[in-house]
Structure formats: structure tokens, C-alpha cells
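Me: Here is a chain with its model. Please go through how it is packed.

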Amino acid sequence: MKRDQHFETRAIHTGYKPNEHFDSLTPPIYQTSTFTFASMEQGGNRFAGEEAGYVYSRLGNPTVQILEQRIAELEGGEAALAFGSGMAAVSAILVGLTKANDHILVSNGVYGCTFGLLTMLKEKYNIDATFSPMDSVEEILANIQDNTTCIYVETPINPTMQLIDLELVVRVAKEKGIKVIVDNTFATPYLQQPIALGCDFVVHSATKYIGGHGDVVAGVLIGDKETIQLIRKTTQKDMGGVISPFDAWLLLRGLKTLAVRMDRHCENAEKLAEKLKEHPKVSTVLYPGDFEHPDHSIVAKQMKKGGGLLSFEIKGTEADIAKVVNQLKLIRIAVSLGDAETLIQHPATMTHAVVPEKRRTQMGISKKLLRMSAGLEAWQDVWADLEQALNQL
Ligand SMILES: *Cc1c(COP(=O)(O)O)cnc(C)c1O
């Protein structure tokens with residue numbers, strides 16, 4: 001598939017040739033654990049890597065391979081690996097790039113379980129993590145140590161919607177020879193292309209926008225051929241966090257509509273942010289697509305649109321927050337994001353409950369903060385629900 005085709009076209013066609021699969025329009029689900037060899041010699045040759053072909057589905061599967069080729073191409077990377085969850089992808093790259101006593105520089109705010117993983121790496125292998133706002137070259141340089149092996153960035157940051165300037169991070173990292181990993185879950189490759197900006201690796205919780213329908217837990221990792229192959233043969237093969245062929249198929253289906261869904265998610269989030277800002281019971285609205293967002297200049301530089309997520313704080317007590325949430329009728333109370341349904345959650349007691357309160361406050365997550373994932377409904381209906389709940393106060 002040619003790179004000069006548009007994103008929307010590549011998301012539908014890349015990596016799949018119907019004539020190699022009995023002319024099936026849709027990629028088949030190769031629901032098999034193992035593959036047969038014509039002879040003992042052939043089996044030996046496949047194990048030795050001297051003959052192309054599949055061996056066992058933890059080491060590779062045709063449905064999974066179509067997904068890996070497609071997502072690698074969409075993120076502008078050389079190769080990709082699919083995993084059974086976003087955390088399997090995050091842990092594979094972090095374990096893959098570090099050894100005991102190394103140091104990782106981390107954006108000031110990451111997904112709750114990524115924080116949990118970093119805590120475990122510190123306890124078990126003395127791999128230190130320094131959290132940094134990454135807002136200037138000097139600040140980043142000051143936090144880099146001799147044993148810093150990678151920089152791990154989430155942008156927009158969950159759930160505070162702060163942005164990290166990827167070009168700035170890359171400038172420092174290249175000078176120091178340090179690899180940059182970006183969790184691109186919130187933006188998706190449709191809105192943000194970290195590899196084109198010079199970053200080395202991209203990870204996704206494909207559970208979110210890539211799957212897009214709230215029916216699969218999965219992850220992907222994209223990067224250079226050599227490192228991806230190394231991780232395929234080590235961390236992925238031996239720790240075993242692989243994806244099932246059926247889940248890979250669901251992601252292939254999700255990717256076909258990613259661009260049209262993202263356009264609607266962004267449009268709905270924009271409208272909801274606008275309406276929330278006008279409501280007297282709302283004190284703060286955090287949305288990257290808002291022109292008054294403090295990091296709006298970074299959004300304009302590296303994102304196509306503001307994304308489908310927004311957070312806001314309510315004027316009132318903690319009990320008032322619960323009152324509003326419990327009054328919602330259409331909006332679902334749930335963690336996760338990127339689904340057709342609009343979802344709302346309370347980070348302090350849900351996704352970020354594992355983060356110690358002091359650290360949570362530093363990250364800007366107050367007990368009054370709610371995070372919303374704009375769905376694909378008519379935004380007017382979502383707003384009507386939110387407004388009736390806010391008006392209870
Ligand atoms: C959900 C999420 C993860 C973890 O992904 P799982 O698929 O739940 O394992 C990682 N990073 C971000 C930003 C997420 O939203």
C-alpha cells in the first residue's frame with residue numbers, strides 16, 4: 001500500500017490482500033493455536049527462522065499480522081506488535097528498553113496502571129522514574145541522568161488534558177541519545193503522529209479509540225524494525241501478553257472507521273466543552289481543543305484536532321459531585337474511553353485511586369474533577385442529560 005494515499009484509505013486497506021485469502025473481502029479470523037508442518041525438516045526450518053511461515057500463535061498469527069502491518073503504517077513506523085492489553089504493550093517496551101538500576105524520565109501524569117508498573121520496576125529492579133512537566137529544554141536536561149535510558153510521555157495527559165511538546169522532548173532526547181516512547185491512546189494516529197515528529201516508539205491502549213466499540217481489551221506497540229523484532233522474540237514471546245486472533249480482527253474492523261469516528265468524537269467534545277464553560281455550576285473546563293486552553297499552541301503544532309476527551313470541575317462539595325453523576329441518565333458512569341457511548345468517571349476514586357493523594361494533587365487531579373469521553377451520540381442529547389444533572393445543584 002502506498003504511503004501517498006490518505007489516512008482514511010490506508011486504515012481500510014493496508015496489510016491485506018484478498019487474493020491471498022480466498023478473495024474474502026474481510027480479513028479472516030485465523031482462530032488456531034498452532035500451525036501444521038509438512039515434514040519434520042520444515043518444522044525445524046521454521047523454528048530456525050530459515051523458512052517463512054507460522055509456527056504457533058503466540059509467535060505470530062496471520063490475522064494478527066495484518067493488524068500489525070496496518071497499525072505500523074498508520075503510525076508511520078517500520079513495524080508493530082499487538083498485545084492482549086494496552087498495559088502488556090506498555091510493559092513490553094519499558095521492560096524491553098531498561099535493565100536494573102536504569103532511570104526513566106516520565107511526563108508529569110500518566111495512566112494509573114503505568115504509574116503502578118513504574119512503582120513495581122522501582123521496587124523490584126531499582127529502576128527509578130522521575131516525573132517532569134517537560135515544559136522547557138532546561139527543565140528536561142536537568143532531570144536527565146547518566147543512567148536515563150528512555151523518556152516516557154503521555155500527551156494529552158490523562159485526565160488533566162495538559163500537553164507535552166513532543167518536538168521539544170525529541171530535541172533533547174536526540175542530543176542525549178535517549179529513546180522517546182509516546183502513549184498515543186488519547187490522540188490516536190489520526191490526530192497525532194509522534195514518529196513523524198521524531199519519537200521512537202508509540203504505544204496504545206487499543207481498547208479505546210482503535211477498537212472504538214467498548215468490546216475488546218488490547219494494545220499495540222509501534223517502532224523500528226530491529227527493536228520490534230527483538231521485543232517480539234523476547235518480552236512478547238516469553239512474557240506472553242499476546243492478542244487473540246478474534247480481538248485482532250475487532251481492531252482491524254475498528255480501524256476502518258477510526259477517522260470518521262474521531263471527527264465526530266472531536267466535534268461532540270468541542271460542543272460539550274463550550275456548553276460546560278457557560279454553565280454557572282462548572283468552575284473549570286479542560287479541553288485541548290479549547291482556544292483558551294493553556295497549551296493550545298502545542299495542540300495547534302502537533303494535533304489535528306482537540307480529541308474526544310474533556311475534564312471539568314464542579315462548583316460545590318464532594319457530595320455535590322456525586323449528586324450530579326448519579327443523576328445522569330444517558331451518560332454512562334464507567335472508566336475507559338473512546339466508545340460510541342459517552343462515559344463519565346471520577347479519577348480521584350476510580351482511574352487514579354492507586355496514585356497517592358499527594359502525587360495526585362501535584363498532578364492536578366482534585367476530588368472535584370470529572371473526566372468525560374464524548375461518544376458518538378447527537379451532542380445535543382448528551383448536553384441535555386448533563387445540563388439536567390447540573391441543574392439539580
Ligand atoms: C487504558 C489506558 C492504558 C491501559 O490500557 P489497557 O488496554 O486497559 O491495558 C494505557 N494508557 C492510557 C492512556 C489508557 O487510557
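The questions below deal with a predicted model, taking the cores and then the sheet.

Me: Which helix gives the most residues to the largest nonpolar core?

Reply: The largest nonpolar core has 97 residues, and those with the most contacts inside it include Leu94, Tyr152 and Phe312. At least three of its residues come from each of domain 1 (7–256) and domain 2 (259–390). With 8 residues, the top contributor is helix α11 (residues 258–278).

Me: How many residues are in the second, separate core?
Reply: Ile151, Val153, Ile157 and Val182 are among the members of this second core. It is separate from the largest one, and its residue count is 18.

Me: Which strands are the edge strands of the open sheet?
Reply: The sheet has 7 strands with mixed pairing, in the order β1-β7-β6-β5-β4-β2-β3. An edge strand here pairs on one side only, which holds for β1 (79–83) and β3 (128–132).

Me: What is the bridge partner of Val202 in β7?
Reply: Strand β6 (residues 201–205) and strand β7 (residues 219–223) run antiparallel and are joined by 4 bridges. In β7, Val202 is partnered by Ile222.

Me: At about what angle does helix α9 run to β1?
Reply: Neighbouring strands of the sheet are turned by 20° against each other on average, direction ignored. Helix α5 (residues 112–125) packs on the sheet, touching β2 (103–107), β3 and β4 (148–154), and its direction makes about 140° with that of β3. Helix α9 (residues 225–239) lies across β1, β6 and β7, and its angle to β1 is about 25°.

Note on methods. Residues are numbered from 1 along each chain as its sequence is written. This is a predicted model: local features need pLDDT of at least 70, side-chain atom pairs count only at pLDDT 80 or more; totals for chains, interfaces and linings use all residues. Side-chain values use heavy atoms; hydrogens and water are left out. A nonpolar core is a set of buried Ala, Val, Leu, Ile, Met, Phe, Trp, Tyr and Cys residues joined through side-chain atoms within 4.5 Å. Buried means under 20% relative accessible area, exposed over 50%, partly exposed in between (1.4 Å probe, protein chains only). Helices (H or I, at least four residues) and strands (E, at least two) are DSSP runs, numbered from the N terminus. Domain bounds come from an automatic or database domain assignment. Two strands pair if DSSP finds at least two bridges between them. Axes are lines fitted to C-alpha atoms, for helices over the stretch in contact, and angles run from 0 to 180 degrees between N-to-C directions. Contact means heavy atoms within 4.5 Å.
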